[in-house]
Amino acid sequence: MAFFTSEYECKLDAKGRLALPAKIKANLPEVSGNELVVMKGFDPNLVVYTMMEFKKIQSKFASLSDFDAAQRRLKRNFFRSVAPVELDSAGRFLIPKAWIEHAKLEKNVIVIGTGSTVEIWNPKLYDEYLIEDSEEYSDLAKKFLDE
């Protein structure tokens, strides 16, 4: 299982390609090969999954009913925001133009390891989604992680 951490300043090239930071690339499982999945995030960002992680999500969607209108809508909207990508020999992948627009990406981007996924952010937007108050951070950790 891949485990991604830390924060990296990166650049998109003129064609919209992003080279994964070496520490992120080193943690990609060999079974994923060069295949990744990039999804438009629920926030104005992108989320990168290994193929193994994405298949876990895909299996949850497979259990949804095609006979239920709300479940069809969820599936339709989720899968339209997903794009399989492949790393080239330089460790780069091409981000689709609509995904770049969704995340408002420019030349400089922030890449964050978030455990089993990687997020890509516009640095100007990223700070708005961070917790600045240490008490709020502690309260959320207690709420969601304290057993």
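**Cavity lining and aromatic rings**

Biologist: How many nonpolar, polar and charged residues line the largest cavity?
Modeller: This is a predicted model, in which local features need pLDDT of at least 70 and side-chain atom pairs count only at pLDDT 80 or more, while totals for chains, interfaces and linings use all residues. Residues are numbered from 1 along each chain as its sequence is written, and side-chain values use heavy atoms, without hydrogens and water. The lining (residues with an atom within 4 Å of a cavity point, where on a 1 Å grid a 1.4 Å probe fits but cannot get out) includes Phe4, Leu20, Ile24 and Thr50. Sorted by class, the lining residues are 8 nonpolar, 3 polar and no charged.

Biologist: Which helix holds Phe78, the stacked partner of Phe54?
Modeller: The two rings pair (centres within 6.5 Å) and count as stacked (planes under 30 degrees apart; over 60 is edge-to-face, the rest tilted), with 6.2 Å between the centres and 10° between the planes. Phe54 lies in helix H2, a run of residues 51-62, and its partner, 24 residues apart, lies in helix H3 (residues 69-79).

Biologist: Is Phe79, the edge-to-face partner of Phe54, buried or exposed, or in between?
Modeller: Phe54 and Phe79 meet at 6.4 Å centre to centre with 85° between the planes. Phe54 counts as buried because its relative accessible area is 6%, the limits being under 20% for buried and over 50% for exposed (1.4 Å probe, protein chains only). Phe79 has a relative accessible area of 32%, and is therefore partly exposed.

Biologist: Which residues form one aromatic cluster?
Modeller: The structure holds 8 aromatic pairs. One cluster joins Tyr49, Phe54, Phe61, Phe78 and Phe79.

How values were computed
On a 1 Å grid over the protein atoms alone, a cavity is a set of points where a 1.4 Å probe fits but cannot get out, and a pocket is an open set with protein on both sides within 12 Å along at least five of seven lines; lining residues have an atom within 4 Å of a point. Ala, Val, Leu, Ile, Met, Phe, Trp, Tyr, Cys and Pro count as nonpolar, Asp, Glu, Lys and Arg as charged, and the others, Gly among them, as polar. Rings of Phe, Tyr and Trp (its six-membered ring) pair if their centres lie within 6.5 Å; planes under 30 degrees apart count as stacked, over 60 as edge-to-face and the rest as tilted. Helices (H or I, at least four residues) and strands (E, at least two) are DSSP runs, numbered from the N terminus.
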